[in-house]
Amino acid sequence: TNLVVNSLLRLFRVTIQTSSSPHSLSAEELRTVVLEAGVMIPKRHQAMLLSVLELEDIRVEDIMVPRSELVGIDLEDDWPAIVGQLTRSPYTRLPVYRDSIEQVVGFLHLRKVLNLMTQKPDFNRADLESLIREAYFIPEGTSLTRQLLSFQQQRRRLGLVVDEYGDVLGLVTLEDILEEIVGEFTTDPATPLHSRNPVARADGGYVVSGRTPVRALNRALGWALPTDGPRTLNGLVMEQLETIPEPGARLNLAGHPTVIIEIAGNWIKTAVIWPNPESPD
């Protein structure tokens, strides 16, 4: 963390005065240096530097795509179905497995697959499997600082998060980590816009998908919903109510009035949440 932040500070021509002690600055000291730099560092760059300092406190499971939302190639599917999925997928890289994600084989880079399909009219399963790169696993609890360095050292862009029993919990990409520093700069083309970002309403509230990560919601709206427990808005509501709510249920989340709008099975599909302590009737 010291190395990354000090390098960025040098880019902005900020000199760090240190004593003759060989010890590096602590994270708190670096945070103070950034905050006291004032006009020497634009606000936007200050936010990025502070985000770098926070990476050590964030774990991969805090930002991962959960297992229930993973999209991959099942090698046990019929060949025409696999080819159709390959040609229509909006993603660049996909996990490959047999029957279930627990039997993951590896990852496919779709650009390489589509290039070979174009060059070879009789492209078959053997050709597909020859392009699979071995799976890369990340233990839960790994900090984003450590994982960012691991991605660089391993020359990887994504990995599967696993628990102590080896069960797959979700997927983390390099882009996910970078967005914790610079904010969102990519979008998931397979996800409707309203489920990615809060949608403002005329009454000052925001329509939010229950699967929206709490961290993403805080970042988008500048709020401070608790991030030390459930990772999604759905989990936050379930934890407080201790039950699956009905549409129309009302609650208060850390000072933000919330109304449940739509339920899908056993999870909250959409809710409206207001920034102020009092919500319109």
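How many bridges pair β3 with strand β4, and in which sense, parallel or antiparallel? Six bridges join β3 to strand β4 (residues 100–109), and the sense is antiparallel. The legends below start from this pair and then move to other parts of the predicted model.

**Figure 1. The whole chain, as an overview before the close-ups.** This is a predicted model, with 12 helices and 13 strands in its chain. Of the 281 residues, 40% are buried. The chain exposes about 15900 Å², and 50% of that area comes from carbon and sulfur atoms. Among contacts with a separation of 6 or more, 48% are between residues 24 or more positions apart. Confidence deserves a glance before you zoom in: the average pLDDT of the chain is 86, and 88% of the residues score at least 70. Confidence is highest in strand β6 (residues 137–139), with a mean of 97, and lowest in helix α10 (residues 193–196), with a mean of 46.

**Figure 2. An open, four-stranded sheet with mixed pairing.** Follow the strands across the sheet and you meet them in the order β2-β3-β4-β5. β2 and β5 (133–134) are the edge strands, each pairing on one side only. Strands of a sheet pair through backbone hydrogen bonds, either parallel or antiparallel. Here β2 (residues 73–74) runs parallel to β3 (residues 93–98), and two bridges hold that pairing. Isoleucine 73 has valine 96 of β3 as its bridge partner. On the β3 and β4 side, the pairing is antiparallel.

**Figure 3. The hairpin of β3 and β4, seen at its turn and along its strands.** One residue sits between the two strands, and in this hairpin aspartate 99 has a positive phi near 70°. Serine 100 belongs to strand β4. Serine 100 counts as partly exposed because its relative accessible area is 25%. The C-alpha atom of serine 100 is 7.4 Å from that of aspartate 74, although 26 residues separate the two along the chain. Further along the pairing, proline 95 has phenylalanine 107 of β4 as its bridge partner. Arginine 93 faces histidine 109, also a residue of β4.

**Figure 4. Helix α5 and the elements around its buried residues.** Which residues of α5 (residues 79–88) are buried? Ile82, Gly84 and Leu86 are. The buried residues of this helix pack against two strands, β2 and β4, and against two helices, α6 (110–119) and α7 (125–130). That brings the view back to the sheet, since β2 and β4 both belong to the order β2-β3-β4-β5.

**Figure 5. Serine 51 in helix α3.** Is serine 51, in helix α3 (residues 43–54), buried or exposed? Serine 51 is buried, because its relative accessible area is 15%, and the limit for buried is under 20%. Leaving aside residues up to four places away in sequence, serine 51 touches Glu180 and Ile181.

**Figure 6. Tyrosine 206 and tryptophan 223, an edge-to-face aromatic pair.** The aromatic pairs in the model number three. In this one, the ring centres of tyrosine 206 and tryptophan 223 are 6.0 Å apart and the planes meet at 80°. The pair links distant parts of the chain, 17 residues apart: tyrosine 206 is in strand β10 (residues 206–209), and tryptophan 223 is in the loop between α11 (214–221) and α12 (233–241). Tryptophan 223 counts as buried because its relative accessibility is 14%. Tyrosine 206 is partly exposed, at 22%.

**Figure 7. Arginine 211 over the face of tryptophan 267.** Here a charged side chain and an aromatic ring come together. Arginine 211 lies 3.9 Å from the centre of the tryptophan 267 ring.

**Figure 8. Two loop residues with positive phi, arginine 155 and alanine 254.** Neither residue is a glycine: phi is near 55° for arginine 155 and near 50° for alanine 254. Arginine 155 is found in the loop between α8 (144–154) and β7 (158–162). With a relative accessibility of 72%, arginine 155 is exposed. Alanine 254 is found in the loop that lies between β11 (250–253) and β12 (256–264).

Notes
Residues are numbered from 1 along each chain as its sequence is written. Side-chain values use heavy atoms; hydrogens and water are left out. Two strands pair if DSSP finds at least two bridges between them. Buried means under 20% relative accessible area, exposed over 50%, partly exposed in between (1.4 Å probe, protein chains only). Contact means heavy atoms within 4.5 Å. Accessible areas come from the Shrake-Rupley method with a 1.4 Å probe; for residues, only the protein chains shown count as cover. Rings of Phe, Tyr and Trp (its six-membered ring) pair if their centres lie within 6.5 Å; planes under 30 degrees apart count as stacked, over 60 as edge-to-face and the rest as tilted. A charge sits over a ring if NZ of Lys or CZ of Arg is within 6 Å of the ring centre and within 35 degrees of the ring normal. pLDDT is the predictor's confidence in each residue, from 0 to 100.
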